[in-house]
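Me: I should be grateful for a close look at the salt bridges of this protein, followed by an account of the surroundings in which their partners sit. Please treat it as one connected description.

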Amino acid sequence: MTKLHILCLDPDGGFGGSARSLLETIKQVDPNQIALEVWCRRRGPVVSAYEDLGVDCIVRNDMPSASSLPTLSRNLYYYLIKFMEFYRARKFKTDLARKLNSGVDLVHLNHEGLFLLARWLKKHSKTPRSMHIRKSITNTIFARWQMRLISRSVDGLFFITENEERRFEEMGGFGTGRVIYNIFCPSDKTIEPLPELLSEDGLKVACLSNYSWSRGIDRLVDVASSLKKKNRSDILFVIAGDMQLPKGLPGVLGEVARKGGQLSDYASHRGVADMFRFLGHVSEPESVLAGCELLVKPTRQANPWGRDIIEALGMERPVLSVGTWDTFVRNGETGLLTPEFDADVWAKALIEFADDRDGLREMGIAGRKLVTELCNPVMRSGEVVNEWRTLAGRTNA
């Protein structure tokens, strides 16, 4: 079997789930069959991880990346900036074309944010192109343009769930693609809880995400307020990520933001600061999960999947989230899904979790079993590699 040479382009660098998911896939690849190289846009934790694997990884801060925003007015300004950025990235594009022409069999674009680059590559290189679609972006005229451009620019697509595939098709996307769930790879070492969590009592609830309106982390303040009204102060929300608030947020949240405040200031304003621990960026989020009993994802996008949920289930931590897609989070089995967010309903659920630790542990065990089956590292990475081979062979033929 001919050894493939594949270049992976990662617009993240290790601070998000997409970079982590690519890393977990590459960990499973046999270097005797596939020679891999990764270019990252930012220097992050995965760079050293690739070095440990013996995979060449370079940081290219000039890698152009863009993805459509939810509103028309923001997109007009945003793409003006992004087109200028793309034009200025001439050295990156020249270096990339030279690299591909030196014997690379396939280039994998690890995020739909590289769609402009994919379009440029179609015109300037004969190297086959694959792309991961990792987000269900808001359906706008710009998003539809982005999906159609992707369809015309790549040879094969990977969707992390059926939801991204359906949204892609709804927005006019077409072409050869398949759903391959992200990988869960159990750690080969004991994960120690974050030291500052060891002295905390009560039910510890983790949330792993930087702040954005769509991720809905501010909703946890409403849940904390509901818990306080029910005289339950034995539940602690442990938040890992950047909690800087955008200034355009509505209501009191926006007022706090415009004064330079963070989510911790909003929690203080609402009188529930004692029910939160804001950790900021944590280089090893697994240590946060190890110190907590479950994960919450109060998303406004009703998307109960992604790297944080997979990692939580894999570490035997049940999940409480919003949505109806129950492939990972199954009511009463691996956690709880609510079709819509309701702070009082969530407060009631957390109280029940706190009062039934044995049931919580049973759900954790079931979650690990489920994610080990659905996100099996050998099977899922094997599917990706087989698709890469097919794409390279199809174009070469």
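Reply: In this predicted model, the count of salt bridges comes to 29. One of them joins Asp-308 to Lys-297, with the closest N and O atoms 3.3 Å apart. This pair links distant parts of the chain, since Asp-308 belongs to helix α12 (residues 307–314) and Lys-297 to strand β11 (residues 294–297), 11 residues apart. Both Asp-308 and Lys-297 are buried.

A second salt bridge is formed within a helix. Glu-352 pairs with Lys-348, and their closest N and O atoms are 2.7 Å apart. Both residues lie in helix α13, 4 residues apart, about one turn of the helix. An α-helix has 3.6 residues a turn, so residues three or four places apart point the same way. Glu-352 counts as partly exposed because its relative accessibility is 44%, a value between the limits of 20% and 50%. Lys-348 is likewise partly exposed, with a relative accessible area of 49%.

Helix α14 (residues 357–374) holds a further example. There the side chains of Asp-358 and Arg-361 meet in a salt bridge of 2.5 Å, N to O. Because these two residues are 3 places apart in α14, about one helical turn separates them. Salt bridges also join into a network, whose members are Arg-20, Glu-24, Lys-27, Glu-286, Arg-307 and Glu-311.

Helix α13, which carries the pair Glu-352 and Lys-348, also has a part in the nonpolar interior. The largest nonpolar core has 39 residues, and those touching the most other members are Leu-220, Val-223, Leu-227, Ile-235, Phe-237, Phe-276 and Leu-350. Helix α13 (residues 343–355) supplies the largest share of this core, 7 residues. Beyond its neighbours within four places in sequence, Leu-350 is in contact with Leu-203, Val-205, Val-223, Leu-227, Ile-235, Phe-237, Leu-294 and Leu-320. Apart from this core lies another, of 37 residues, including Leu-69, Ala-97, Trp-120 and Phe-159. In soluble globular proteins, nonpolar side chains tend to be buried together.

Ser-226 offers another view of this region. This serine is found in helix α8 (residues 219–229) and counts as buried, because its relative accessibility is 5%, under the 20% limit. Leaving aside neighbours within four places in sequence, Ser-226 is in contact with Ala-343, Asp-344 and Ala-347.

Trp-120, named above in the core of 37 residues, is one of the buried residues of helix α5 (residues 115–124), together with Phe-115, Leu-116, Leu-117, Ala-118 and Leu-121. The buried residues of α5 pack against β1 (4–10), α3, α4 (90–100), β4 (106–109), β5 (129–133) and α6 (141–153).

Helix α3 itself shows both buried and surface positions. Lys-82 lies in α3 and counts as buried, because its relative accessibility is 14%. Its contacts beyond four places in sequence are Arg-41, Ser-65 and Ala-66. Met-84 is also found in α3 (residues 72–88), but is partly exposed, with a relative accessible area of 41%. Met-84 forms a nonpolar surface patch with Tyr-77, Leu-80 and Ile-81, and together they have about 410 Å² of accessible area.

How values were computed:
Residues numbered from 1 in each chain as written. Predicted model: local features only at pLDDT ≥ 70, side-chain atom pairs only at ≥ 80, totals over all residues. Heavy atoms only, no water. Core = buried A, V, L, I, M, F, W, Y, C linked by side-chain atoms within 4.5 Å. Buried < 20%, exposed > 50% of the residue type's maximum accessible area, 1.4 Å probe, protein only. Contact = heavy atoms within 4.5 Å. Patch = residues over 30% accessible without salt bridge, like charges linked within 9 Å, V, L, I, M, F, W, Y side chains within 5 Å. Areas by Shrake-Rupley, 256 points an atom, 1.4 Å probe, with all protein chains shown as cover. Salt bridge = Lys/Arg side-chain N within 4 Å of Asp/Glu carboxyl O.
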